[in-house]
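I sat down with this one to see what holds the chain together. My notes follow the order in which I looked things up.

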Amino acid sequence: TYCIDSTISLSPGTFSRVMSVLCLRFLLLFFAAESSVGFQGFSPFDMMRLQGIEVPGMTSEGEEIDTSSIATYDELYTDAVAAYDQQSWTETIRLMEKALADYEAVSEGLQTCKTQCNDSLDHVPAPLRDDVEYSYFHAILTRSQCVRRCKRNKFGNRAWSDVPKDVAQAFERRLPYMYLQLAYFKAGETIKAAQSAATYLYYNPDDELAVSNAKYYESLPDVTKDVFKPVDMMSHMELFDEAVALYDSGEKWAEAAVSFEKSLAEYVIEWKRCRLACEGRSVEPAGPHLDNLLGKQVAAMLECRRACANRLGSNRRGRVYDNFFAEIFHYLQFAYYKAGDSKLAVECAMTYLLYRPGEEVMLKNVELYRGLEGVKEEYFVPREDIVSKFNIEKTESELLRLTAEPDVEAQFRKNMAEDDPNLKIPVEPEIETPPTEEEKTVEEEIDKTEL
C-alpha cells in the first residue's frame, strides 16, 4: 500500500517506474525475513489461507537436524578473539578455523537459497495476476516460505540472529586471518602463518601492518614464493594473474585473451554473488515512519552493492585497481588486436570507454582502429551484456545519491537524462586532431601502456 500510494501521484516515466519497482522489491526482501510469525500471531501462511490462496506444504521430507546448540561463526569469532587476548594460541587457532569454516558454509548456503528462491517471484497464480496488492503479497510469502524451507534443509534448526555489524565487517575484510597469522607463528607453524598473512594482505593491500608482516615472512628461508600465497584467493583473480603472465610473454596473445575472458566471466559471477549478499542487511532503527525505514534499508543495500567493485578488485601483488573490471577490457582490446581479431579488439575498446569515456589513450586507440583495413563502423559498439551491467550500476549510483537530495524526482531526471532511458554508450568525444597517416600504423602506434 505504501509503495502504491507513494508512486501513484508521480508523473509517468523512468523515475516513477524505477522508484515503484525498487520500493516493491525492497519490501519483498524486507518482509521475506527469517521469522515465520506474522501479524497478531498468524503465520504468513495462515494469512494467505484466509484470503483463499492455496499454500504449498511447509515441511520438508525427512527429519530435521538439531543444530540449535551448535555455536555460530560470530560466537566462535568472539571466543577466538578472547582466547587471542589471553595468548592461548592453540585455542585461538581451533576456534578461528571453526568460525571461518562456518562462515563459508553459511554464506554459500544462503547464496544458494536466495538464488533458488528468486525464481518463486515469477510464478503468481492466475486469479491474482490482475491484483497488484495480492500478487505482491503472494510473491512475498512464497519467497519467504522458500527461503525458510531451504535454510531448514541446509542448516536444520540453527539459531538465526543478527550478526553484530563489527563482526560482519571483520569477516568481509578477512580479519580472522590477521589473528591466525600471529597465532600460527606463536604456535610454531610458520608456513600457515605466512599463508594467513598473505590472505589478509590479499584482501587489505593498503594495510601497513599487513605489508610489514608480509615483508617479514617473505624474508624467511622456508617461505618461498609458492608458499606465500592466499588460501582464500578469488577465482577470477587467479585467472587474471594467469592471463597477465601470458600477456607479458609478448607472444601468446590468443591464449591471453582466452584467460582474460575466463577471468571476466568469473568476475561477473562473483559480482552477482556479492550483490545478492547485500540483501537483508540490518540497519539502525529509523523511527516509527515506514518511509524512513525504507530509505535506510535501501541506502544500506545500494551502498553495499556499490562496494562490491572494490571487494573484487584486489590481488596478491597488493594492488587495487581504480576499476578492475574496466582494466580487463584494456588488456583484452590489445590482446585481441595482436591476435588478429580487430572486431573483438574494437568491441573491448568501446566497452572500456563505457566506464572511462574520456580516457585519452583508449580514445586514440579507437581512432587508430578506425583506420584499419576491414574494420566496419558497426563494430564500434560495447558488449550488450556489459551495457546492461553498466546501466544497473549507474542507476543504483544515482538512486543512492538521491538519498541526500530534497527534490528527488527533479534530481533524478537531471542525473539520469530521461530523454535517453536506455543509457547507451556516451556520445563519442570529438578528436581535436585527426590521426596522421603515420599514427594509423597501428602495429607501432596503438598504446600498450603499462596497466
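These entries go from the overall fold to disulfides, then to charged pairs.

**Overall fold.** I kept in mind throughout that this is a predicted model. I looked up the secondary structure and found 19 helices and 0 strands in the protein chain. Next I checked burial: of the 451 residues, 44% count as buried. The accessible surface comes to about 24400 Å², and carbon and sulfur atoms account for 51% of that. I also looked at contacts with a separation of 6 or more, and 73% of them are between residues 24 or more positions apart.

**Disulfides.** How many disulfides does a search of the whole structure find? I got 4. I noted C113 and C150 as one pair, with their sulfur atoms 2.0 Å apart. C113 sits in helix α5 and C150 in helix α6 (residues 132–155), so this disulfide ties together parts that are 37 residues apart in sequence. The torsion about its S-S bond is about -85°, so I put C113–C150 down as left-handed. Both of these cysteines are buried.

I then went to C117 and C146, which are joined by a disulfide with an S to S distance of 2.1 Å. That pair also links distant parts of the chain, C117 in helix α5 and C146 in helix α6, 29 residues apart. I read -85° about the S-S bond here, a left-handed link, and both C117 and C146 are buried.

C278 and C304 make another disulfide, sulfur atoms 2.0 Å apart. I placed C278 in the loop between α12 (253–277) and α13 (290–311), and C304 in helix α13, 26 residues away. The torsion is -70°, left-handed, and C278 and C304 are buried. I looked up C348 as well: it is buried, with a relative accessible area of 0%.

**Salt bridges.** The whole-structure search gave me 16 salt bridges. I picked out R174 and D232, whose side chains meet at 2.8 Å, N to O. R174 lies in the loop between α7 (165–172) and α8 (176–186), while D232 lies in the loop between α10 (208–219) and α11 (235–248), 58 residues apart. Are these two buried or exposed? R174 has 15% relative accessibility, so it counts as buried. D232 comes in at 18%, so it counts as buried too.

**Around α16.** I found E367 in a salt bridge with R370, the closest N and O atoms being 3.2 Å apart. Both are in helix α16 (residues 360–370), 3 residues apart, about one turn of the helix. That spacing makes sense to me, because residues three or four places apart in an α-helix point the same way. R370 also forms a salt bridge with E377, with the closest N and O atoms 2.8 Å apart. I compared burial: E367 is buried at 16%, R370 is partly exposed at 26%, and E377 is exposed at 54%. I listed the buried residues of α16, which include M362, L363, V366 and Y369. At the N-terminal end of this helix, E359 acts as a cap, with a side-chain oxygen 3.3 Å from the backbone nitrogen of V361.

**Last checks.** I noted that E108, E270 and R273 are linked in a network of salt bridges. I finished on D102, in helix α5 (residues 89–118). D102 is buried at 15% relative accessibility. Leaving out residues up to four places away in sequence, D102 touches T72, Y73 and R158.

Terms used:
Residues numbered from 1 in each chain as written. Predicted model: local features only at pLDDT ≥ 70, side-chain atom pairs only at ≥ 80, totals over all residues. Heavy atoms only, no water. Salt bridge = Lys/Arg side-chain N within 4 Å of Asp/Glu carboxyl O. Helix = DSSP H or I, 4+ residues; strand = E, 2+ residues; numbered from the N terminus. Buried < 20%, exposed > 50% of the residue type's maximum accessible area, 1.4 Å probe, protein only. Contact = heavy atoms within 4.5 Å. Areas by Shrake-Rupley, 256 points an atom, 1.4 Å probe, with all protein chains shown as cover. Polar contact = N/O pair within 3.5 Å; in protein donor to acceptor, adjacent residues only side chain to side chain. Disulfide = S-S within 2.5 Å.
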